[in-house]
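Work through the following exercises with the sequence and the model side by side, and try each task before reading its solution.

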Amino acid sequence: MTDIVSLIIKRLGLGLLTMLVVSILIFFAVELLPGDSAQAALGQMATGETVAAMRKQMGLDVPAIVRYFYWLQDFVHGDFGTSMISHTSVAGAILGRFANSFFLAGFAAIIAIPLAVSLGVAAALFRDTIFDKSVNVTSLTAVSAPEFLLGYILVVIFAVKLRWFPPISNIRDGAEIGERIFRSFLPAMTLVLVATAHMMRMTRAAIINVLAGPYIEMARLKGVPPWRVIVRHALPNAWAPIINVVTLSLAYMITGVVLVEVVFDYPGIGQLLVDSVSKRDFPIVQACCLIFAAIFILLNIAADVGSILTNPRLKRPK
């Protein structure tokens, strides 16, 4: 247990260092964008004096390096700043949108994870059969197609042709769980198609790799049924790579929802990020990017710890 705690502390330390580097990249990447935020906020008809006053009000008259340290200090204390457009709290604008994105990712994960693991195990069990080849072709197609294309295909089939689901996922505040599930079904299925393909292929590869072991051959020679060989002997030894890909897929479903939310006009943090970029609302852009980075780093740490817990040999470096 002490080794695990020490590992978690080390990973968190590296995660904080990574967050610091990412925060520098995010802040100065936004600074390098062309145009003037004060000019964009006031419009093209604003005078030079008005623009200068607005720049002072926004704090843009201070050198960028000084503004970075002010921004980082406020962020550490939970103050994400104020929107340049709506003049409201960035944290308040993000909170509701993040809850919607988290619901969408959770909805997709509940379907994708059991489906991917089951298909991966079945494909490994029936290797080189028509079922295995069909699943592989389907998964390769889903992985190769971009998310927005899959989303438009689902809209054409289920919203335009069949008219089963709405093409736009405009979820209102305070909507009941049934309405949320109904309106977020198509964007969730888009995430499911991509995430399931990745997880299924990794699960299949991990199971096939374990099945090549001598203890598996011994179990087969003893007459153990194939399903029991998979469940009792192969799957427990393949959990480490499966947990890795599942956790990284969760990171994708939470942080990679930008295109999906834009396609379906879903009121999540990805849609907010795109709207803020178009309006040059940089405090929201910076906060969204840093939150995405933090989630991705935390889930990577969880993947490392989960892999080590399921495979104690990874505790000792080679």
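**Exercise 1.** Decide whether Ser169 is buried or exposed, and find its surroundings.

*Solution.* Ser169 has a relative accessibility of 0%, and therefore it counts as buried, a class that means under 20% relative accessible area, with exposed meaning over 50% and partly exposed in between (1.4 Å probe, protein chains only). As to its place in the chain, Ser169 is found in the loop between α7 (147-161) and α8 (177-183). Next, look for its neighbours: leaving out residues up to four places away in sequence, Ser169 touches Arg183, Ser184, Pro187, Phe264, Asp265, Tyr266 and Pro267, where contact means heavy atoms within 4.5 Å. Finally, a polar atom of the Ser169 side chain lies 2.5 Å from the backbone oxygen of Arg183.

Before going on, note that this is a predicted model, in which local features need pLDDT of at least 70 and side-chain atom pairs count only at pLDDT 80 or more, while totals for chains, interfaces and linings use all residues. Residues are numbered from 1 along each chain as its sequence is written, and side-chain values use heavy atoms, with hydrogens and water left out.

**Exercise 2.** Determine how the axes of α5 and α12 cross, and which residues make the contact.

*Solution.* Begin with the axes, which are lines fitted to C-alpha atoms, for helices over the stretch in contact, with angles from 0 to 180 degrees between N-to-C directions. Those of helix α5 (residues 90-125) and helix α12 (residues 239-255) come within 9 Å and cross at roughly 150 degrees. Therefore α5 is roughly antiparallel to α12, a term for angles over 145 degrees. The contact is made by Phe102, Ala105, Ala108, Ala109, Ile113 and Val117 of α5, together with Ile242, Val246, Leu250, Met253 and Ile254 of α12. Sorting these residues by class gives 11 nonpolar, no polar and no charged, where Ala, Val, Leu, Ile, Met, Phe, Trp, Tyr, Cys and Pro count as nonpolar, Asp, Glu, Lys and Arg as charged, and the others, Gly among them, as polar.

**Exercise 3.** Carry out the analysis for α10 and α11.

*Solution.* The axes of helix α10 (residues 214-221) and helix α11 (residues 226-237) come within 11 Å and cross at roughly 175 degrees, so α10 is roughly antiparallel to α11. From α10 the contact takes Tyr215, Ile216, Ala219 and Arg220, and from α11 it takes Val229, His233, Ala234 and Asn237. By class, this contact of α10 with α11 has 5 nonpolar, 2 polar and 1 charged residues.

Terms used: Helix = DSSP H or I, 4+ residues; strand = E, 2+ residues; numbered from the N terminus. Parallel < 35°, antiparallel > 145°, perpendicular 65-115°, else oblique. Polar contact = N/O pair within 3.5 Å; in protein donor to acceptor, adjacent residues only side chain to side chain.
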